[in-house]
Amino acid sequence: MEIAVRKMERIDKILSNYGGVSRAEAKVLLKAGKVKVNGEIVKDSGAKVSEDDNVELDGRKLSLRKYRYFMLNKPAGYISSTEPEPGDTSPNVISLFKKEGIKGLFPVGRLDKDTTGLLLVTNDGELGHKLTAPCNHVDKTYLAKVKGHLTEDAIQAFEKGFDFKEFTSAPARLEILNVGSNDEAIVNGLGTAAVFSTAKVTISEGKFHQVKRMFLKVGCEVVELKRLSMGKLVLDESLKPGEYKELTENALSF
Ligand code: URA
């Protein structure tokens, strides 16, 4: 018979690992009666708990899982790079997760500051590496609004691939959804209405500004870009920009 052995850890260590507080702060919170284990107040910082225990810090239930996975609907105006452009003081997407108090969270792959939509945020470095490694070819689908008239020729050009300075793009799937004029130009007093097209594009790579650069190759400038999916993970459209939800590991079997 196999007996499952749960690793027991000191409560102050658990609070600092999963509650976003230092060990010293944990001790103060424990003394103040702010910590409950399975519904009972615990004051002894040496008390041991396991991941099966229900730990509450100041009324907030802590998840004792080591790896956490979140689906974020990235809002425009937030950066996802750890190295922002010099002088750019825009907030980082990780700031949206402050209240979770989780150390080591990072976004899997990058989206431009003005790009919205699906962004996976985790503290699981191995999964992050797996999903972004170029050899793994995880498909990413974007919805793009572009300035200009997309034609059948563009579909073929995306399929064929484009030559860029540092790489040649792998075949990409372009699905044109709509081509039409937009009255915004008239409303804005710019004279004749501009033509805008919307399309879905699926790429298997993730080079810098790749989608925008591909559209420029067919003479269209991207004015809005939203990521809809990444592998099997599809953006939950009920999430408003800036909102996120926690995922289980099962949802991430790529
Ligand atoms: N391609 C782009 O050009 N920008 C993004 O944010 C993502 C893919």
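## Where the ligand lies

Domain bounds here come from an automatic or database domain assignment. The model is predicted. Domain 2 covers 69-134 + 233-252, and domain 3 covers 139-230. Both give residues to the shell around the ligand, so the ligand lies between these two domains.

The ligand also sits in the largest pocket.

## The shell

Which residues surround the ligand? They are L111, D112, T115, Y142, H209, Q210, V211, K212 and L225. Sorted by class, the shell holds 4 nonpolar, 3 polar and 2 charged residues.

One helix stands out. Helix α6 spans residues 210-217. This helix supplies 3 residues, the largest share of the shell.

## Backbone contacts and burial

Backbone atoms of the protein meet oxygen atoms of the ligand. For D112, a backbone N or O atom lies 2.7 Å from a ligand oxygen. For H209, the distance from a backbone N or O atom to a ligand oxygen is 3.2 Å. For Q210, a backbone N or O atom is 3.5 Å from an oxygen of the ligand.

How much of the ligand does the protein bury? Taken alone, the ligand exposes 240 Å². The protein buries 95% of that area.

Methods:
Residues numbered from 1 in each chain as written. Predicted model: local features only at pLDDT ≥ 70, side-chain atom pairs only at ≥ 80, totals over all residues. Heavy atoms only, no water. Near = heavy atom within 4 Å. Polar contact = N/O pair within 3.5 Å; in protein donor to acceptor, adjacent residues only side chain to side chain. Areas by Shrake-Rupley, 256 points an atom, 1.4 Å probe, with all protein chains shown as cover. 1 Å grid on protein atoms, 1.4 Å probe; cavity = no way out; pocket = protein on both sides within 12 Å on 5 of 7 lines; lining within 4 Å. Sits in = over half its atoms within 2 Å of the grid points. Helix = DSSP H or I, 4+ residues; strand = E, 2+ residues; numbered from the N terminus. Nonpolar A, V, L, I, M, F, W, Y, C, P; charged D, E, K, R; others polar.
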